[in-house]
Amino acid sequence: MLLAFIFSILTATYSLSSTTSVEASGVLPEGSTYTYERSASTGQKGQMTAGNSTRLYLTGWEGCTIRTVTLSMRSNKSAGAGSLRMRIGNNEVWSIADEPFDSDAWAGQYTTDFVRICKHMQTTVDGDIEIIISATENSLYIQNYEIAYEEVVPSCYTVSFVTGLDFQPEPITQTAIGAELILPAWQDTAIWHFEGWSEREVEEGDSVPYLMQPGTSYIPKKNTRLWAVYRDVDDILPIREMTSGEYVLTMYNDLTISLSGAGMAMCDAVANKQVALCDVSMAALPDGGYNLCSPLAEAMVYDITVLSDTTLQITHRLTGSTIGHEARALSSEPSLWHYTALDDGSYAIYYPYDSKTYALYFGLDSYSNVVATAMKLDVAKWHKDGLWLFPALYATHTSWPFGKLEGVENIISPDSIGKNAKCVMHFGAYELWINNGQKTLIIPH
């Protein structure tokens, strides 16, 4: 039993690889990310001079239990002081006030050799992790961060919903570990159009994350809350007649589904004979075609100038660069494209060359990245899954169609949602944590 317990402890290490980055080793939680920052623009790798700091920021650790955090640090030969702050979610789990490095809070000695500074804890992660070390006297140095932890214990998780209204779908719970949940449909308001579900709240002016559509599958990795996201424009539908204007150029096929779960859109000028793509959410319509559900980014917009009922030109609006072609590849040279509507309402945009036709198409490059490229296709035999062109409509997005404090969701029963509290009660934007009779009100910023 003791051996089984020992071997359940995993270690993730983040070591300084340059003055501005770390490399990860050991066993990291699946899907986790890391970022290292420093405030100084000069100095050695890992060095903090007086008034400067370093920051390690980790995401994707939710549900893991941290047992030990160990820092490999040193000072100068006879000087060095500073402070430390580590938080997990909203909780501060380790702090050192401004102390000299030879104090018991740090290493107990000044040393130019790296020593281990260890903090034992038994903390289940319920949010992002941040470790900030600040120097007040020259100098402190960080070599690596080592975190010993226990993995998430698999279980059946519950997904609850916040709609910004005074009612919402019932929470849904997995019937088996790892089981897929089907996301429920939701409704529009008189002004706002429901666009999809998000793993984070969206307020007006926020960037909009990837949105999950009703009817699609979702596998939670913890007890999760999903937020409804609305936009202030109606459905964004593909054009049925080619006219000059500003458009988003997308494709939705087996390749894009395998990579993004839905569609992809062009989002740059021509570079190295190809155009970069970004993920977009496209919901299928009952009568064919799609509704573009993703927010519009400026880099996704292209000017299409129709020259005749069969020809056009394309310009990337943000850069002013032409989307053209030369021989068998894309180029930024002004070029004439041909177009024709396919049977499903999408478009083939192509050009003839050397007795063949080459289409603007989404495919894999030599590095297995999916890009827009010129692909040799027999357009006469192409009937569906071409380019879908959506008008470039800018919209405002929010999870609170009637305002954050007015649209109070009617959730007053306790839940656990992975926090270190006996229960959590929700009142609109606020959370009340109750643990052994102690009450803490969380007010989001």
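Trainee: Why do the sulfurs of C267 and C278 not count as bonded?

Mentor: The closest cysteine sulfur to that of C267 belongs to C278 and is 3.9 Å away, too far for a bond. A disulfide is a pair of cysteine sulfur atoms within 2.5 Å, and a search of the whole structure finds 0 of them. This is a predicted model, where local features need pLDDT of at least 70, side-chain atom pairs count only at pLDDT 80 or more, and totals for chains, interfaces and linings use all residues. Side-chain values use heavy atoms, with hydrogens and water left out, and residues are numbered from 1 along each chain as its sequence is written.

Trainee: Why is C267 called buried?

Mentor: Its relative accessible area is 16%. Buried means under 20%, exposed over 50%, and partly exposed in between (1.4 Å probe, protein chains only), so C267 counts as buried.

Trainee: Why does A327 count as partly exposed?

Mentor: A327 has 32% relative accessibility, so it falls in the partly exposed class. A327 sits in the loop between β25 (321-326) and β26 (329-331); strands are DSSP runs of E, at least two residues, numbered from the N terminus. Phi of A327 is near 55°, a positive value in a residue other than glycine.

Trainee: What makes S355 exposed?

Mentor: The relative accessibility of S355 is 83%, and therefore S355 counts as exposed. S355 is found in the loop between β28 (347-353) and β29 (356-364). Although not a glycine, S355 has a positive phi of about 65°.

Trainee: Which peptide bond is cis?

Mentor: The one from N138 to S139, with omega near -15°. S139 belongs to the loop between β10 (129-137) and β11 (140-150).

Definitions and conventions:
Helices (H or I, at least four residues) and strands (E, at least two) are DSSP runs, numbered from the N terminus.
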